[in-house]
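Open the model in a viewer and keep the selection tool at hand. The stops below go from a metal site to a cavity.

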Amino acid sequence: MRRSRLVPGLVSRIQRRTWRKGIHLKRPEELAIMRQAGRINALVLQTLRQAIRPGVSAAELDELAEKTIRKLGARPAFKGYPGPYPYPATITLSINDELVHGIPYPDKIIREGDLVSVDCGVIYKGYYADAAFTVAVGEVPPLAQELLRVTKEALDLAIRMAWPGRRTGDISAAIQQFVESHGFHVTRQYTGHGIGRWMHEDPAVPNFGEPGTGEVLRPGMVLALEPMVLVGTEETAVLDDEWTVVSADGSLTAHFEHTVAVTEFGPQVLTKV
Ligand code: MG
Ligand code: MG
């Protein structure tokens, strides 16, 4: 598939239509529903992780995801999501140089040695959950293992910083510094975000930034934190299908995400079993 450069303004035009402005602090009863939504999303990702093996197609995993979500009483959040055209599937499945938003085509077959990223969102009783993981299929080179480790640890670090009184820029800077100290790069084009009754709400939580800037975190905020890391450069491109985002230089990428509540007792990961 031919690679096209990211069309300037495309992302922001889409985001203007779907991004909810303003910070909505969740009440305890809302957090209780979001915890259930997060648990469902985690169960789905766990099911997918167990099904990933050489020879399986992305479309088969997508079907499994939708079946599991509906069985658990929720709805897919990504299907029909506004973009260049409505998103056509339940999950995004991105392999190797595909960073995010990979469409799970029937002819996208998982092979030994791949890095496979799965991102999934659900809606449960009107509230969203959003989470992602990357996994190595069989044996992968040391560089790929290092990329996975660093991206996962960047997420763990980001979660540990989600305390009231910190700022979004503290999280952003921590992710950027940690990733870059290992020689990898963070995307500038795609960002973590608030989440609740909308999949994307304020505040944005970029994977780069300055400490002491951005929104002050308060109890009741819920954030989707999601380091997106590239081996070669920070540059991305979008494939002709207008959804699949790849590294511009074809280098490996990884993505981990959790939906995390900021509480007076500290960060609580909602997207866990
Ligand atoms: Mg996601
Ligand atoms: Mg997200």
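Donors are N, O and S atoms within 2.8 Å of the metal (3.2 Å for Na, K and Ca), and water is not among the atoms, so sites may look incomplete. This is a predicted model, where local features need pLDDT of at least 70, side-chain atom pairs count only at pLDDT 80 or more, and totals for chains, interfaces and linings use all residues. Residues are numbered from 1 along each chain as its sequence is written, chains are lettered from A and ligands numbered from 1 in the order in which they are written, and side-chain values use heavy atoms, with hydrogens and water left out.

Select the magnesium ion (ligand 2). Its coordination comes from Asp 130 (OD), His 193 (NE2), Glu 226 (OE) and Glu 257 (OE), at 2.1 to 2.2 Å. Along the sequence these donor residues follow the spacing D-x62-H-x32-E-x30-E.

Next, add the magnesium ion (ligand 1): it lies 3.2 Å from the magnesium ion (ligand 2), and Asp 130 coordinates both.

Now select His 193 and Glu 226. Are they buried or exposed? Both are buried (under 20% relative accessible area, with a 1.4 Å probe and protein chains only).

Finally, turn to the cavities: on a 1 Å grid over the protein atoms alone, a cavity is a set of points where a 1.4 Å probe fits but cannot get out, and lining residues have an atom within 4 Å of a point. Select the lining of the second largest cavity, including Ile 23, His 24, Glu 201 and Leu 223.

How values were computed:
On a 1 Å grid over the protein atoms alone, a cavity is a set of points where a 1.4 Å probe fits but cannot get out, and a pocket is an open set with protein on both sides within 12 Å along at least five of seven lines; lining residues have an atom within 4 Å of a point. Buried means under 20% relative accessible area, exposed over 50%, partly exposed in between (1.4 Å probe, protein chains only).
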